[in-house]
Amino acid sequence: MKLEGEFTFKGSREEVWDLLQDPDVLITALPGAKKMEKTEEDKYEAEMEVKVGPVSGSFSSKIQLSDKVEPESYTMVVNGKGKSGFVKGKAQISLEEKTESETLMKYAADLQVGGKLASVGQRLLDTVGKSMARQSLESMNAALEHQIDPRAKTEYIPPSQVKFAVGVAKDVAEDSVKNPMFWGILGVVGVGIAAVIWYFVK
Amino acid sequence: MATRYFGQRIRRNEDPRLLTGQALFTDDVNLPNTLHVAFYRSDYAHGKILSIDTEEAKKRPGVIGVYTAEDLGDYWQRGPLLVPPPPIKDIVFNERTQVPLAKDKICHAGEAVVMVVAESRYIAEDAVEDIEVDIDFLDAVVDIEKAMTDESPLVHDDIEKNIAAHVVQEKGSYSSIRDKAHTVISRKFIYDRGTAAAMENRGVVANWDERNQQLTVWDTTQAPIPIRNGLAAMLGLSQSQVRVIAPFIGGGFGPKIMMFYPEEVLIPWVSKQLKRPVKWIEDREENFFSTTHERGQVHEAEIAVAEDGKILGIHDVFVHDAGAYAPYGLTVPINSQCTLLGCYDVPNYYSEFTAVFTNKPIVTPYRGAGRQHGVFVMERLLDLAAQKLGMTPVEIRRKNFIPQDAFPYDNEIIYQDFSPLVYDSGNYEPALKRAVELIEYDKFIKEEQPRLLQEGKRVGIGIVSYVEGTGIGPYEGAKVSIDPSGKVSLVTGIGTQGQGHFTSFAQIVSEVLDVPVEDVRVVTGDTLEFGWGAGTFASRGAVVAGSACHEAALAVKKKIHKLASEILEASEDDLEVSGGNVQVKGVPDTAISLGELAAKANPLRGAVKPGTEPGLEATSYFGPSRGTTASGVHAMIVSVDPETFLVNIERYIVVHDCGRVINPMILDGQIQGGVAQGIGNAFYEQLFFDENGQLLNASFMDYLLPTSLDVPKIEGDHIETPSPLNPLGVKGAGEAGAIPVGALYAQAIENAFHDCNLEILEIPLSPNRLYEIISQNKTKEQI
């Protein structure tokens, strides 16, 4: 699975850099993340709940940062394993100064996905992956804005499972059906799914 | 005149039991105190096992045992090579068979690594999740053409270039005629993987009875007797201590003739270890990985034809995907190589194949067993040649059929049964003629198609022919006996998977003994009842076991005559067996019922003549000198939606020749079912692997099976060209329906787009793939 994209953070490059190394922020921003620890310099361990279509389960991941050129770029090696499969691969992340208070992040990940996650979940994998990336980055950005100015009107609330599920449903719908006719229907379906998930996680 | 049973549309004896849910399947075996098994299977397709941690799993309440390869001790052995390579000159064959549990290396995703035995399947599955296996990831071998290159990773470290086998077979000399040909056409053909997707997955229940020192195994196998023999040898038991029962099975289709699957070897062993019944039923997801697959081949083929369309020669070089191991030898690629020749007189043939190991599930025969690939290549080459020469598909086939007076016809190469590929009999022209009539070929081309095209509809017609090598040896047996009740018991060693054995075998015996079919009780697939035989495969049940039933019934009839002649004091020649009695011909007063005679054949006091055998019972065996060749023609009309590229079958005709027909209704069912699987293979089903060997559609959400809406009612007719190789004149029919469907789809779709210069050189297709192929060459307007 290849994930590529860009995202503009509202903060300086140094601030974004620090944010990306802070496990306390990352845990709140990563959908489904339950635990994230820095085990040693540039090494992290995380526990995450992942749901891709009919496949769900917890994943324990080891993340290692390397080739660090502060505050410009780094490589992230991910090795995640769970009951429903594995994800492993590399991501290249670079930060460019757009303006003084805006930073453009470029990311390119090449991930191998295996087990049930691939054999049963692959149909939704790309969309869910993209959705997770997008939502994480948006949450981090919100956290960043909050950090820079705690009085900013954007109040930072870490995304809940329900919000994440709705987000995924929305992205899946956007990805698969371009016709706006379906939007209303899928919105309803999304809310329905969210309600069900909310019922189970509450 | 006796009632005729052979050749009649008789309702199936087994259906009441099946339709009312009374038939015993493996999963119905529920013994008290049973333990349940689940497997830890590798998520990785290729890797080295660094460590296995089962401590947590062992601690889980309800877990009885957790076993890794190490824990099996000496019982850890590679599976046997089921089919040795045929005696072909200069053959290369690198044997590598599967292991019960992966020890050092993972060779395909889904390979079993740890076996968990627990009080319930729930507990076993949970305990599987407690297991930690650390695997060092290796690059996977996926693409079969790249597998043979120097750069490729190796599935098995000691097998160079992943070459499982290399075989060249040649008839005549292709190179000497190539330059003389009017037209030479070469193309690359691709045939990709699918799975049999039987309704019933595999399953094994084993019960070691410590007091009786007896092992009973219920197994969804097509070959209970070889399984018994193998288990006895592996477990150090005598064959009489092991009873293998293959009860009713919800579809075999070939993957269940693969023998000594890891689970088949492990469940009986662990039952003996723990002295308790043990059960494992494969779930659907496991089935996608641990049951064998079929069909990955890439052919580079060439046809040389004369101006009049006569084939001068064929040249074919192909790569065959063996998967991670090759326990079934070369049956599939040899079938492709041999079946390619089809119904045609091919004077010069060069065929070379390389079978390669890949990090994908194992390939063994699945309905058609490689024949599809050969038929696809040959039929496609003929279609391309016909087009070039301005002939119709019908004309070029007719031109090249082996004439009726040329049988037996020697193809001068070696077949899967190690015998020369000699067609015993055949008559291809009438089947083609009949199919052309039934589908109204000329009318469609001249009237229907132009009319519908004007209405904006894309419709096409296809017609293809094929042969099917069936009924191969070595042998099968049957035991027929008459009860004092007058009912007949018939026992044969082969297993049954829905073919109607309980009826067609009964019909064969009823025909000889003139008893109603419902009075013949048939037992199949229980080694306690019959212990000699090879199994159900290669469309051989009716031919080989059926002939044995016939011979045994004749032997019983002889005993009836002999005993009755003594009792009635009449010459044996003057007696007749009719309506459940034996009597002096034309003198009903002398009639003795067969039941009464059976009782007299088993006296409890007094003396018998020396050498007298008790009862009206006989066992016979039948082994043909070689396989018999069935054949047929399939034709269909399709309409293709020009927007969605969904292909709808408007009509489907099968004219089939499997020699004498035992039960036309059962045959129709075999053909219908075969075509349904062929349709799936041609247009719906395909297993997708990513570059790491991960199977990407291992569920019925993503692996599309044709539904009843996609499979039309097959129309058709039978041509009967009896086989001279068995007393019944029968030929196999089990795989016929599935074999030519890919080739037929290709021709019919091309015909529907005949103005678009479309070439279909691959199977499976799908609406999406069809759209891609068509758009590669065409603008939207042309579509």
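In this predicted model, the second largest pocket draws on both chains for its lining, since at least two residues each are supplied by helix H4 (122–148) of chain A and, from chain B, by strands S9 and S14, helix H16 (664–684), strand S30 (762–763) and helix H18 (767–777). Among these contributors, H18(B) provides the largest share of the lining, with 4 residues. The space that lies in the second largest pocket comes to about 1,200 Å³. A total of 46 residues line the second largest pocket, and the closest to its centre are B:Asp192, B:Gln686, B:Leu687, B:Phe688 and B:Phe689. When the lining residues of this pocket are divided by character, 22 are counted as nonpolar, 8 as polar and 16 as charged.

Strand S14 of chain B, one of the elements that supply the pocket lining, spans residues 297–305 and is mostly covered, with 8 of its 9 residues buried. Two pairings of S14(B) can be described in turn. With strand S9 of chain B, which covers residues 183–191, S14(B) pairs in the antiparallel sense over 9 bridges, and within this pairing B:Ile190 is found opposite B:Val298 of S14(B). Strand S9(B), like S14(B), supplies at least two residues of the lining of the second largest pocket.

The other pairing joins S14(B) to strand S15 of chain B (residues 311–323), again in the antiparallel sense and over 9 bridges. Here B:His299 has B:Phe318, a residue of S15(B), as its bridge partner. The strands S14(B) and S15(B) form a hairpin with 5 residues between them, and in this hairpin B:Gly309 adopts a positive phi near 95 degrees.

Chain A, which reaches the second largest pocket through residues of its helix H4, contains 6 helices and 7 strands. Read from the N terminus on, the elements of chain A follow the order β-α-α-β-β-β-β-β-β-α-α-α-α, so that, with helices and strands numbered from the N terminus, the run of six strands lies between the opening β-α-α and the closing four helices. Of the 202 residues in chain A, 44% are buried. Among the contacts in chain A with a separation of 6 or more, 53% are made by residues 24 or more positions apart. The area that chain A exposes is about 10,900 Å², of which carbon and sulfur atoms supply 55%.

Technical notes. Residues numbered from 1 in each chain as written. Chains lettered and ligands numbered in written order. Predicted model: local features only at pLDDT ≥ 70, side-chain atom pairs only at ≥ 80, totals over all residues. Heavy atoms only, no water. Buried < 20%, exposed > 50% of the residue type's maximum accessible area, 1.4 Å probe, protein only. Pairing = 2+ DSSP bridges. 1 Å grid on protein atoms, 1.4 Å probe; cavity = no way out; pocket = protein on both sides within 12 Å on 5 of 7 lines; lining within 4 Å. Points joined across faces, edges and corners; volume = space filled by probe spheres on them. Nonpolar A, V, L, I, M, F, W, Y, C, P; charged D, E, K, R; others polar. Contact = heavy atoms within 4.5 Å. Areas by Shrake-Rupley, 256 points an atom, 1.4 Å probe, with all protein chains shown as cover.
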